[in-house]
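Visitor: I would like to learn how to read the place where two chains meet. Where do we start?

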Amino acid sequence: MGDRFRGKVALVTGEDHDLIKEISTLFASEGAAIVANCSHSEWVERMVSEINAVDGVAKVGHFDLTSMADAESLLNFTVDSFGKVDVFVSGIEIRDGGSVLDSVPEKWDEIIRPVMKNVFATTKYVSAHMRTQNSGQIVNIIRDKKIHHDISVTNSIITEAIIGFTRTTALDMEKYGVGCNAVISDHARNAALVSAYICSNLVTPGISSIFRVDEQEVSLYSVPAIERGIYSSDIFSVDELNYLVPKYLFDGEELS
Amino acid sequence: MKKSLEGRVAIVTGGGGGIGGEVSKWLAKEGAAVVVNDVGSDLSGGGFSSTPADGIVSEIIGSGGDAVANYDSVAQPDGAKRIVNAAMSMFGRLDIVCHAAGIVRDRMVFNMLEEEWDDVINVHLYGALNIVAEAVPIMKSQSYGRIILFSSVSALGNLGQCNYSAAKGGQIGIVQGLADELKVDNITINAVFPGADTRMTEGMSSTARAYIEQWGVSAESSDAQGIRSSVRNAPKVAYLCTEAAANITGQVIGVFGPPMTVYSQRVLMRKLYKSNAWQFDDLDFAIGSSLNRNIPESRLGGKYEQR
């Protein structure tokens, strides 16, 4: 038990039970009041009563966060319950949809669209609130992407989309003193720990960092940056590029 | 001499204007037959006009090239199907897809409306999925294909564009996620970061300008040399569509202005390791003292170095 989040209010959302539990329990043990939102009501009720049984303060939200109205209701419920929101941790679970090429648009709608809408809807209302209080921390935890290889396409799409969204949210919220970061993790407990660390320390509005967290490792990733370039003051011709690109842009290496 | 895209058939979504228009024309110039797809909407996605697509088609035909116009919306699965059918029925095959269609609906995240979110995600992200899903089976049957998604530096974060950043990031996810799977069939898929003075960049934010200025392309000064013109993007995209670019796949390529650049993957900056369970105090010490210490803000995407 600690005091890092004494007097703070944390909103925790997501469908991944391990993750929601680790985050809620950790923030509660450091003194935060918790609202946990999960569609599995029986499970989340039980988790919250466990927190309350050990001297925590937690409440359950039962909102469908793919609905804008419900996302707004969750924010209102949290503020009505505890007066504010200091921390918003979104646990984004990505179902493996296999390759998008083997499935149909209805399947993408099922897997990609709800996750994206959920993150947008909740972040919109939470950030509107944090803007009025001129403080806050938002963490988007993306479960289980291997950062380079062996990932499903849906996972890759959602991960990159959420990272883009996270970075823009950080810029949008910079002048209101609100941070927004992303944690990619396959380890629930350490993901919770690093999120809590970010919320208690890493207040660098406008810069969103991308963490990768595993059982034993905590890593920090850069944004993609320009590695190499070729330049011409004239407009290139395709013939010129045919010569220059393999030789200079990719340094003669065979690309994988 | 044989042209580099002789005998190839291309679709360019958003091909009726701006960067897409220049790409359509350049692909045709290199010998490809082009389906110029454009719904002719305004910048925010409203309205319809056949004029943009027709205009580019006449220009191509006027210079001795081969092209046909199509006005379907790539944001709808049926629309994407009709675009691909247009290529097959007119030209009998499909080698190249450039997804350049796009709209912007900018607003700060805390004020953005649901429809602004949906519209942008639909055109950019679902549009990409729709056209790729329709094109790939044909490309597989031909054992040849070149797919270019027109992403954006906004994928790295851009003020007031959380919808656009998410959609453009998602396009990079498509490229990285599909590259290996498509390689066996001699199909490449890449994302480009284009740019130009077009109607889309009139409201360009300082963040995007900063990225662009990394490569000496000032967004502020006059453009007497045409370094910010749409046409600068086109030959680089056309090159990526040639047979010679067979080894380039799963990449993010900058095509704006005088340079052509290649972006890194997300790079591991620093790693902390602990063999037994991490505790809060470990992080206080380790992250604070070493994880992000002395890493230039530019690498974390905060501020930008001049290079």
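Guide: Start with a definition. A polar contact is a pair of N or O atoms within 3.5 Å; within protein, one must be able to donate a hydrogen and the other to accept it. Keep in mind that this is a predicted model.

Visitor: How many residue pairs are in polar contact between chain A and chain B?

Guide: The count is 27 residue pairs, with both residues at pLDDT 80 or more.

Visitor: Which elements of chain A supply the side that touches chain B?

Guide: Seek those that give at least two residues each. The helices are α4 (105-133), α5 (153-173), α6 (188-201) and α7 (238-249) of chain A. The strands are β7 (210-213), β8 (217-221) and β9 (226-231) of chain A.

Visitor: Which element gives the most to that side of chain A?

Guide: α5(A) does, with 14 residues.

Visitor: How do the residues on that side divide into nonpolar, polar and charged?

Guide: There are 46 nonpolar, 20 polar and 18 charged residues on the side of chain A that touches chain B.

Visitor: How many residues are in contact in each chain?

Guide: Chain A has 84 residues in contact with 100 residues of chain B. Now turn to area. The two chains bury about 8100 Å² between them. Of that, 64% is on carbon and sulfur atoms.

Visitor: How many salt bridges cross the interface of chain A and chain B?

Guide: The rule asks for a side-chain nitrogen of Lys or Arg within 4 Å of a carboxyl oxygen of Asp or Glu. It finds three across this interface. One salt bridge joins the side chains of K271(B) and E217(A), at 3.1 Å from N to O.

Visitor: What does K271(B) pair with in the strands?

Guide: K271(B), in β9(B), is the bridge partner of S219(A). β8(A) and β9(B) (residues 268-273) run antiparallel, joined by five bridges.

Visitor: Which strand of chain B pairs with β9(A)?

Guide: β8(B), residues 259-263, pairs with β9(A) in the antiparallel sense over five bridges. There, Y231(A) stands opposite P259(B).

Visitor: What sheet do nine strands form, and in what order?

Guide: They form an open sheet with mixed pairing. Read the order as β9(A)-β8(B)-β7(B)-β6(B)-β5(B)-β4(B)-β1(B)-β2(B)-β3(B). The edge strands are β9 of chain A and β3 (66-70) of chain B, and each pairs on one side only. From one strand to the next, the twist averages 20 degrees.

Visitor: Which helix lies across β9 of chain A and β8 of chain B?

Guide: α7(A) does, running at about 145 degrees to β9(A).

Note on methods: Residues are numbered from 1 along each chain as its sequence is written. Chains are lettered from A and ligands numbered from 1 in the order in which they are written. This is a predicted model: local features need pLDDT of at least 70, side-chain atom pairs count only at pLDDT 80 or more; totals for chains, interfaces and linings use all residues. Side-chain values use heavy atoms; hydrogens and water are left out. Contact means heavy atoms within 4.5 Å. Buried area is the accessible area (1.4 Å probe) that two parts lose on being put together, summed over both. A polar contact is a pair of N or O atoms within 3.5 Å; within protein, one must be able to donate a hydrogen and the other to accept it, and residues adjacent in sequence count only if both atoms are side-chain atoms. Helices (H or I, at least four residues) and strands (E, at least two) are DSSP runs, numbered from the N terminus. Ala, Val, Leu, Ile, Met, Phe, Trp, Tyr, Cys and Pro count as nonpolar, Asp, Glu, Lys and Arg as charged, and the others, Gly among them, as polar. Two strands pair if DSSP finds at least two bridges between them. Axes are lines fitted to C-alpha atoms, for helices over the stretch in contact, and angles run from 0 to 180 degrees between N-to-C directions.
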